[in-house]
Amino acid sequence: MVMGFGIDIGGTGTKGAPVDLDAGRLVGDRFRIPTPQPATPRAVAEVAAQIVAHFPDTEEVPRIGVAIPAVVQRGVARSAANIDESWIDTDVDALFTEVLGREVHVVNDADAAGVAENDHGAAREEEGLVCVITLGTGIGSALISGGTLVPNTEFGHLEVAGHPNAEKWCATSAREREDLSWQEWAERLQVYFSHLERILSPDLFVVGGGVSKNSEKFLPLLDLRTPIVPAEHRNNAGIIGAAALGARG
């Protein structure tokens, strides 16, 4: 078994675990600590160090993968979603490597989830173009072509049906905020996924996020040419994908 280690940083909780990279699954239970407030880079890095220290048997893992809710270019955060704005333009790779005392590779959280689903989840048998969409407070996206990740796509911020930011109109948070029925929400998702279908022509959509556990309530209501399926790894996808991308460096 090839062992990796992944950490997934969220707005309310930061969680991590060792990962069997061959099988794409957690080794034992994940460990979670509330994300500090304010969620500054150094404060979160120190929480990440606590999570790694919780698993002393993983000292030989050469590189840790960390998923953050931000656009990441060559280890530098270029945005900040649900975390402190001080992340923007921070060299997160360098900071986390310093605090954790071993090499760290930082990636976008939706990209990590997409890699987990592509390698060992709902898209593992698809060799074409896969679009993974995570529905939650916002909308995250990952685009994978022939097994290769195209990072930082940010399809949640597309303009759709006159709405300048799609996620504010059709994310899970919009359904909850406006008390939409599953049918009403599905009508918005139909517009959103049809738009993605037109501009990308993907071979498969995978829908993740916590709401994916209720996929039978809304996915059958969508009428698309492209097959659309729920994610398999759900809340562990970020950890698994971060570990995989961390191992690849």
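Pro 62 is exposed in this predicted model, with a relative accessible area of 62%. The residue sits in the loop between H1 and S5. Its C-alpha atom is 9.4 Å from that of Met 3, although 59 residues separate Pro 62 and Met 3 along the chain. The points below cover the nonpolar cores, two polar side chains with their contacts, the salt bridges and the aromatic pairs.

**Nonpolar cores**

- The largest nonpolar core is made of 28 residues. Leu 135, Tyr 192, Phe 193 and Leu 196 have the most contacts inside this core.
- At least two residues of this core come from each of these elements: strand S9 (129–135), strand S10 (139–145), helix H4 (166–170), helix H6 (182–200) and strand S12 (204–208).
- H6 gives the largest share of the core, seven residues.
- Which residues does Leu 196 touch, not counting those up to four places away in sequence? They are Cys 131, Ile 133, Phe 155, Leu 158, Ser 201, Pro 202 and Phe 205.
- There is also a second, separate core, with 27 residues. Ile 33, Ile 51, Val 61 and Ala 77 are among them.
- In soluble globular proteins, nonpolar side chains tend to be buried together.

**Glu 167, a buried charged residue**

- Glu 167 is part of helix H4.
- The residue is buried but has no salt bridge. Lys 168 is the nearest side chain of opposite charge, at 5.4 Å. A salt bridge requires nitrogen and oxygen within 4 Å, so the pair does not count as one.
- A polar atom of the Glu 167 side chain lies 2.8 Å from the backbone nitrogen of Ile 139.
- Apart from neighbours within four places in sequence, Glu 167 has contacts with Gly 138, Ile 139, Gly 156 and His 157. Ile 139 thus appears both in this contact list and in the backbone pair with the Glu 167 side chain.

**Asn 152, a loop residue**

- Asn 152 belongs to the loop between strand S11 (148–150) and H4.
- Which backbone oxygen does the side chain of Asn 152 reach? The partner is the backbone oxygen of Val 72, at 2.7 Å.
- With neighbours within four places in sequence left aside, Asn 152 is in contact with Ala 70, Val 71, Val 72, Gln 73, Asn 108 and Asp 111.

**Salt bridges**

- Side chains of opposite charge can pair when their charged atoms come close. The structure has nine salt bridges.
- One of them joins Arg 42 and Glu 98, with 3.4 Å between the closest N and O atoms. This pair connects distant parts of the chain, 56 residues apart: Arg 42 is in helix H1 (residues 41–53) and Glu 98 in helix H2 (residues 92–100).
- Arg 42 is partly exposed, at 39% relative accessible area, and Glu 98 is exposed, at 52%.
- Arg 78 and Asp 89 form another salt bridge, 2.8 Å from N to O. Both residues lie in the loop between strand S7 (76–77) and H2, 11 residues apart.
- Arg 78 counts as partly exposed at 40% relative accessibility, whereas Asp 89 is exposed at 52%.
- Glu 178 makes a salt bridge with Arg 177, where the closest N and O atoms are 3.9 Å apart. Glu 178 is partly exposed, with a relative accessible area of 37%, and Arg 177 is exposed, with 53%.
- Arg 177 and Glu 178 also belong to a network of salt bridges that includes Arg 188.

**Aromatic pairs**

- The structure contains seven aromatic pairs.
- One of them is the pair of Phe 5 and Phe 55, which is edge-to-face, with 5.5 Å from centre to centre and 70° between the planes. The angle is over 60 degrees, so the pair counts as edge-to-face.
- Where do the two rings sit in the chain? Phe 5 is in strand S1 (residues 3–9) and Phe 55 in the loop between H1 and strand S5 (63–68), 50 residues apart.
- Phe 5 is buried, at 1% relative accessibility. Phe 55 is buried too, at 13% relative accessible area.
- Trp 182, Trp 185 and Phe 218 are linked into a cluster by ring pairs.

Key:
Residues numbered from 1 in each chain as written. Predicted model: local features only at pLDDT ≥ 70, side-chain atom pairs only at ≥ 80, totals over all residues. Heavy atoms only, no water. Core = buried A, V, L, I, M, F, W, Y, C linked by side-chain atoms within 4.5 Å. Buried < 20%, exposed > 50% of the residue type's maximum accessible area, 1.4 Å probe, protein only. Helix = DSSP H or I, 4+ residues; strand = E, 2+ residues; numbered from the N terminus. Contact = heavy atoms within 4.5 Å. Lys, Arg positive; Asp, Glu negative; His and termini not counted. Polar contact = N/O pair within 3.5 Å; in protein donor to acceptor, adjacent residues only side chain to side chain. Phe/Tyr/Trp six-rings, centres within 6.5 Å; stacked < 30°, edge-to-face > 60°.
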